[in-house]
Amino acid sequence: MAIGEAGPGSVRRGAQPKRLEETMRTRLGRECVYVPSCRFGLYVALRHWCPPGGRVLMSPVNDDVIFFVVLAAGLRPVQAPLNPLDASIDIDAVPDEVWGSVSAVLTTNLYGNPDPAPRLRQKCDALGIPLFEDGAHAIGSRAGDRPVGAWGEASVFSLSKHVGAKAGGMLSLADPGLREAVEKTCEGLLAPRRASAELAYLVRPYAEATVRGLRLRRAAWAAVRLLGLADREEIRMPLRPDELALAAHQTPGLDAHHPWVRVDMHDYRLESGRLRLRRIGRKLDRLDEVLDACRQGTELLLSTPWAKPRDGHAIQPLFRVPLFVADRDAAMAALARQGIVVGYLYDPPLDDYAGAEFTDPSPAPGAARWFARHALPVDPRRAQAVIEVLERSGAQPVRAPGEEPGNKPTPEENPGTPTPGERPGNEPTPGGLGRSRG
């Protein structure tokens with residue numbers, strides 16, 4: 001179990017969690033443990049494998065919640081250079097001295113585009129350090145000859161994304177013999193389920209359907225802000241550095257970092273009730289239909305001038321397809337006028353957001369800044385509608401760093417020039433939906 005981690009708690013491993021675990025075990029070919037959220041599962045994995053004070057290599061284009069989970073585990077985030085086309089870790093650009101200093105690697109598989117897990121596995125084996133895979137966006141993606149999530153010592157998945165259950169996660173283990181220890185760690189960290197939280201979860205889909213049907217998205221979000229229920233106003237949550245520095249003295253542990261880790265999902269560590277588990281199960285049963293639709297939409301979007309398809313890479317059932325436009329604000333506004341809300345933006349990169357006090361900055365930040373500034377992640381299931389809107393709006397593609405020039409780039413295409421204070425925002429749906437990794 002996690003080093004120094006224990007506490008009261010009990011979880012009844014009934015038939016419903018076991019059925020969910022068996023479904024994911026069949027997909028991944030390895031042991032799976034149901035957890036209430038992806039972020040909770042990642043914290044458990046980090047605590048089990050990494051003693052406090054370790055350093056974790058990760059992507060700076062990632063959800064800030066994941067960054068705070070790493071901090072809560074008593075670890076130091078180390079930001080990696082990225083491939084500008086998919087924001088995966090650029091293995092060859094990581095300096096030798098950085099490789100020699102890290103005690104674990106965490107992949108992101110952003111939007112479902114897989115990190116180079118086979119090479120990372122080899123690198124981690126050579127260094128004798130664990131590899132963790134965040135598969136929140138990549139439940140149907142493959143890396144090499146295996147599914148995403150089948151390469152690391154542990155991997156975590158969100159059942160809020162492709163599955164669409166807005167709750168639940170899965171922690172998979174390479175070593176099935178660790179299951180009992182991991183379950184005990186989970187039990188010590190879970191908060192008891194609350195009837196009010198279960199009721200809110202059951203009512204939520206109907207409330208959201210009403211908001212969409214009546215086109216009340218703006219009014220609903222204004223009401224959420226007025227009631228003080230909004231966790232963030234911008235893409236990134238407020239860092240609150242003074243409070244964060246104080247929380248660092250109480251790590252490892254979730255309690256001190258709870259105000260940051262809970263953002264966009266306040267019940268991330270609550271034990272799941274029967275009705276919640278049943279809904280998750282029904283959604284998971286339809287996953288293959290969703291993945292087929294995502295794969296078809298991904299293929300269509302990758303054929304557009306705003307995409308950056310990579311030769312020799314198979315079409316994945318992406319959760320979001322990153323298109324690249326010169327003026328993302330204008331593109332987002334055009335889509336919003338047609339009821340298409342763009343979420344899952346991670347701008348600015350984590351090292352620009354948090355600063356050197358809380359993370360080791362990337363030694364080559366340009367690609368991450370370019371990706372964070374220009375990526376327009378769109379739902380592949382709305383591919384045709386997105387294409388029509390972008391064509392009508394006259395959205396212009398933007399050249400990637402290192403890409404052969406077709407047109408003269410505009411000044412903002414310089415990948416090494418950040419634009420602090422001018423980061424584009426997006427209008428979130430009520431409750432911050434469409435932001436965190438679950």
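This dialogue reads a strand, a helix and some salt bridges in a predicted model.

Q: Are the residues of strand 1 buried or exposed, and how many?
A: Take strand 1, residues 31-35. 5 of its 5 residues are buried. Check the two faces separately. Glu31, Val33 and Val35 are buried on one side. Cys32 and Tyr34 are buried on the other.

Q: Which strand is joined to strand 1 by bridges?
A: Strand 9, residues 169-173. The two run antiparallel, with 5 bridges between them. For register, use one pair: glutamate 31 has leucine 173 as its bridge partner.

Q: Why can buried residues line one face of a helix?
A: Start with the geometry. An α-helix has 3.6 residues a turn, so residues three or four places apart point the same way. Now take helix 16, residues 383-393. Its buried residues are Ala383, Val386, Ile387, Val389 and Leu390. Down the helix axis they fall within an arc of 165°, so they line one face. Glu391 and Arg392 are exposed on the other side.

Q: What do the buried residues of helix 16 pack against?
A: Two helices and two strands: helix 12 (287-301), helix 13 (328-337), strand 10 (321-324) and strand 11 (375-378).

Q: Which residue follows helix 16?
A: Glycine 394. Its phi is positive, near 75°.

Q: How many salt bridges are there?
A: The general idea: side chains of opposite charge can pair when their charged atoms come close. Here the count is 23. One of them joins aspartate 360 to arginine 76, at 2.9 Å from N to O. The partners are 284 residues apart in the chain. Aspartate 360 sits in the loop between helix 14 and helix 15, and arginine 76 in strand 3. Arginine 76 is partly exposed, with a relative accessible area of 24%.

Q: Where are the partners arginine 119 and aspartate 92?
A: Arginine 119 is in helix 5, and aspartate 92 is in the loop between strand 3 and helix 4. Their closest N and O atoms are 2.8 Å apart. Arginine 119 is partly exposed at 42% relative accessible area. Aspartate 92 is exposed at 60%.

Q: Is arginine 269 buried or exposed?
A: Buried, with a relative accessible area of 14%. Arginine 269 forms a salt bridge with aspartate 255, at 3.1 Å between the closest N and O atoms. Aspartate 255 is exposed, at 63%.

Q: Which residues are linked in a network of salt bridges?
A: Glu21, Glu22, Arg25, Glu31, Arg179 and Glu183. Glu31 is also one of the buried residues of strand 1.

Definitions and conventions: Residues numbered from 1 in each chain as written. Predicted model: local features only at pLDDT ≥ 70, side-chain atom pairs only at ≥ 80, totals over all residues. Heavy atoms only, no water. Buried < 20%, exposed > 50% of the residue type's maximum accessible area, 1.4 Å probe, protein only. Helix = DSSP H or I, 4+ residues; strand = E, 2+ residues; numbered from the N terminus. Pairing = 2+ DSSP bridges. Arc of directions from axis to C-beta. Contact = heavy atoms within 4.5 Å. Salt bridge = Lys/Arg side-chain N within 4 Å of Asp/Glu carboxyl O.
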